[in-house]
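I sat down with this one over coffee and kept a short notebook. Here are my entries, in the order I looked things up.

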Amino acid sequence: MRIVALTGAGISAESGVPTFRDADGLWEGHRVEDVATPEAFERQPDVVHRFYDARRAALASVEPNAAHLALARLEEAWGDDLLVVTQNIDDLHERAGSSRVLHLHGELRSALCRACAGRHAWEGDLVGGPPCPSCGSRGLRPDVVWFGEVPYEMDRVFGALDSADLFVSIGTSGAVYPAAGFVLAARAYGARTLELNLVPSEGSHHFHEARHGPAGELVPEWVDEVLG
Ligand code: APR
């Protein structure tokens, strides 16, 4: 059985990573939509850098939770028949042991050079404009997909949805496209669809089945069922 698991901020909530819309999406008084945009970066690059520098630094103080670990356990048994498509830019899936993870919205621990398009693993701050390791220019930006930009690897996502037998959506509000539309594509391709979320998401009614509660409980239970 081929599975595509879509994850959102809710899967990292029990690790202490704040979600976007539970805490009304504010960061230092900025709405996420006002900070995570190319226009905001052009207008006030240091504010945007500080937003991502703070979240990159915070990764050191959080750990994967039972939901991340359960998906890694499933991958161990399922191999290439499981693809995790995450909207999250944290590295908790990888630190839990998942290796087949597609970051639709990019990653905090990566920097993208606007001059040479080089990508570099990045741990520290980007504020202050450190030089690009490839070309030396000071054009590095967070390797994150902002509102109005095109999510990464969409062809690969739809290829996986096309051949999926099961699409499970974990910890996402269904508020942001294109991820919010994946359940409709999965259904159109003939997959069964399951939502695991704290509360019914905006797209909950599109799912064949929906279970509500903390991911740290629901995901391990579901993985135990799948592994039978
Ligand atoms: N367990 C399961 N679900 C949870 C938990 C939990 N412990 N805590 C919160 N949730 C659910 C909330 O009910 C909500 O439906 O997780 C969802 C989080 O929704 P959002 O904050 O909107 O996060 P997400 O869906 O990932 O946002 C999508 O929007 O801001 C952009 O690019 C950003 O990737 C993000 C995208």
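**Entry 1: cysteines.** I began with the rule: I count a disulfide when two cysteine sulfur atoms lie within 2.5 Å of each other. I was working on a predicted model, and by this rule I counted zero disulfides.

I then asked myself which cysteine sulfur comes closest to that of Cys113. I found the sulfur of Cys135, at 3.6 Å, which is too far for a bond because the cut-off is 2.5 Å. Coming from the other side, I noted that Cys135 is in no disulfide either, with the sulfur of Cys113 as its nearest cysteine sulfur.

Are these two cysteines buried or exposed? I read 2% relative accessibility for Cys113, so I put it down as buried. For Cys135 I read 38%, so I wrote partly exposed.

**Entry 2: domains.** Next I looked up how the chain is divided. The domain assignment gives me domain 1 as 3–16 + 64–105 + 150–227 and domain 2 as 19–61 + 109–144. I noted 25 Å between the C-alpha centres of domain 1 and domain 2. To their contact, domain 1 gives twelve residues and domain 2 gives eleven.

**Entry 3: the ligand.** Where does the ligand lie with respect to the domains? I found residues from both domain 1 and domain 2 in the shell around the ligand, so I placed the ligand between them.

I listed 22 residues around the ligand, and the closest are Ala9, Phe20, Arg21, Thr172 and Ser173. Sorting the shell by residue type, I got nine nonpolar, ten polar and three charged residues.

Then I went through some polar contacts. Ser173 brings a polar side-chain atom to 2.7 Å from an oxygen atom of the ligand. With Leu198 I found a backbone N or O atom 3.1 Å from a ligand nitrogen atom. With Ala215 a backbone N or O atom is 2.8 Å from a nitrogen atom of the ligand. My last check was on cover: the ligand taken alone exposes 730 Å², and the protein buries 93% of that.

Terms used: Residues are numbered from 1 along each chain as its sequence is written. This is a predicted model: local features need pLDDT of at least 70, side-chain atom pairs count only at pLDDT 80 or more; totals for chains, interfaces and linings use all residues. Side-chain values use heavy atoms; hydrogens and water are left out. A residue is near a molecule or strand if one of its heavy atoms lies within 4 Å of it. A polar contact is a pair of N or O atoms within 3.5 Å; within protein, one must be able to donate a hydrogen and the other to accept it, and residues adjacent in sequence count only if both atoms are side-chain atoms. Accessible areas come from the Shrake-Rupley method with a 1.4 Å probe; for residues, only the protein chains shown count as cover. Ala, Val, Leu, Ile, Met, Phe, Trp, Tyr, Cys and Pro count as nonpolar, Asp, Glu, Lys and Arg as charged, and the others, Gly among them, as polar. Domain bounds come from an automatic or database domain assignment. Buried means under 20% relative accessible area, exposed over 50%, partly exposed in between (1.4 Å probe, protein chains only). Contact means heavy atoms within 4.5 Å.
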